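Work through the exercises below with the structure open. Try each task before reading its solution.

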Amino acid sequence: MNCPNCNKEVSPDWKLCPFCGFEPKKCSNPGCQPRWLPQEAKFCPECGKALTTVDGCSKTIAEQETFSNENADLATAIKYFENEEYAKALPLFCKLAISNNAEAQFYLSLYYWYGDDYPGCVDEDEEEFVKWLKRAAENGHAKAQLGLAGSYSNGYVVDKNPQEAMKWLRMAAEKGLAEAQYELAECYYSPEYSLADSCVEENPEEAVKWYRKAAEQGHVEAQFDMWCINEDSIEANQWQERLLAAANQGQAEAQFWLARTYDDINDKEAAKWYRKAAECGYARAQYDLAYLYSEGIGVDKNMGEAIKWYREAAEQGHKEAKEKLKQLNV
């Protein structure tokens, strides 16, 4: 069974799609089950009664038409946004955000976060950013919940509160957001160095549970961690193969983490994949490739190449690469 909104595989028992937030329609007839039907569906194909969302909030036909119009406006706004026509998208996002549309609220928060990066729109405003982020999070938007967790973890605009950060992080993870699942795993694996800030106890089993959930959704760093956790077992090969599949599709991050699986095992293979990721512009790979050239690991020693790749990484803001260039007086 697939979600009619994003076409990803879903379970008939789920109350919403963890990938896009779509809620299956529910018939007012108690004998009918929730159905994964297109958003425009208004009547139950089994008994003909009006459909509502699974949470049970009833909608009149007029309300359903308004809902459809809002979806059309949202789709238009997102299209403008993706085409970098930010000024055209902004009025639509504002209108929808005021109407309590979580997706629009999240996009509006981005406007206040990036400010001048979206020309002709709004100035950067951290208060407005957090305000709209929080509204989107409260309305169930998983990415907003993850962002709000970060705000509480860092004390950004709101008072620092690791417990509140964990609350929002868990909500995002339970909605199926892979990045949140990975961050939650990190909290249980190394509480003192994570978003949790030691407000939870170390729990390796819980960490592996969330690493696995993120990895199964294609989160490549989680896949690398699952490889590390199972390094001496057959399962490690399975995770390395998944990284290889993503790397062969040109995913720079996957190429980088695949290279890490070859460190100290096959230096030439590691260098090969670091190079591929570096050539895709992945700063961490550029730094590591520079180091390999500086030491002659997996490649012939070549300080010219090392400096070249340190510069490439430094130009992207890589701190260690900048320090290396200072040490080399170049």
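## Exercise 1: A charged patch

Task: Find which residues form the negative surface patch, then place Glu 126.

Solution. Step 1: the model is predicted. Step 2: the negative surface patch is formed by Asp 116, Asp 117, Asp 123, Glu 124, Glu 126 and Glu 127. Step 3: locate one of these residues, Glu 126, in helix H4, which covers residues 126-138. Step 4: check its exposure. Glu 126 has a relative accessible area of 42%. Patch members need over 30%. Buried means under 20% and exposed means over 50%, with partly exposed in between. Glu 126 is therefore partly exposed.

## Exercise 2: A nonpolar patch

Task: State which residues make the nonpolar surface patch, then classify Val 330 as buried, partly exposed or exposed.

Solution. Step 1: Met 303, Leu 328 and Val 330 make this patch, with an area of about 220 Å². Step 2: Val 330 sits in the segment after helix H15 (319-327). Step 3: the relative accessible area of Val 330 is 45%, so Val 330 is partly exposed.

## Exercise 3: A glutamine and its backbone partners

Task: Decide whether Gln 255 is buried or exposed. Then find which backbone atoms lie 3.2 Å and 3.3 Å from its side chain.

Solution. Step 1: Gln 255 belongs to helix H11, residues 252-262. Step 2: its relative accessible area is 4%. The cut-off for buried is under 20%, so Gln 255 is buried. Step 3: a polar atom of the Gln 255 side chain lies 3.2 Å from the backbone oxygen of Ala 247. Step 4: the backbone nitrogen of Ala 277 lies 3.3 Å from a polar atom of the Gln 255 side chain. Step 5: apply the distance cut-off for a polar contact, within 3.5 Å. The Ala 247 distance is 3.2 Å and the Ala 277 distance is 3.3 Å.

## Exercise 4: Positive phi in two loops

Task: For Val 157 and Asp 264, give phi. Then give the loop of Val 157 and of Asp 264, and the exposure of Val 157 and of Asp 264.

Solution. Step 1: recall the background. Most residues other than glycine have a negative phi. Step 2: Val 157 is not a glycine, yet its phi is positive, about 70°. Step 3: Val 157 lies in the loop between helix H5 (142-154) and helix H6 (162-174). With a relative accessible area of 32%, Val 157 is partly exposed. Step 4: Asp 264 also has a positive phi, near 65°. Asp 264 lies in the loop between H11 and helix H12 (267-279). Its relative accessibility is 79%, so Asp 264 counts as exposed.

How values were computed. Residues are numbered from 1 along each chain as its sequence is written. This is a predicted model: local features need pLDDT of at least 70, side-chain atom pairs count only at pLDDT 80 or more; totals for chains, interfaces and linings use all residues. Side-chain values use heavy atoms; hydrogens and water are left out. Patches are made of residues with over 30% relative accessible area and no salt bridge: like charges are joined within 9 Å, nonpolar side chains (Val, Leu, Ile, Met, Phe, Trp, Tyr) within 5 Å. Accessible areas come from the Shrake-Rupley method with a 1.4 Å probe; for residues, only the protein chains shown count as cover. A salt bridge is a side-chain nitrogen of Lys or Arg within 4 Å of a carboxyl oxygen of Asp or Glu. Lys and Arg count as positive and Asp and Glu as negative; His and the chain ends are not counted. The place of a charge is taken as NZ of Lys, CZ of Arg, CG of Asp or CD of Glu. Helices (H or I, at least four residues) and strands (E, at least two) are DSSP runs, numbered from the N terminus. Buried means under 20% relative accessible area, exposed over 50%, partly exposed in between (1.4 Å probe, protein chains only). A polar contact is a pair of N or O atoms within 3.5 Å; within protein, one must be able to donate a hydrogen and the other to accept it, and residues adjacent in sequence count only if both atoms are side-chain atoms.
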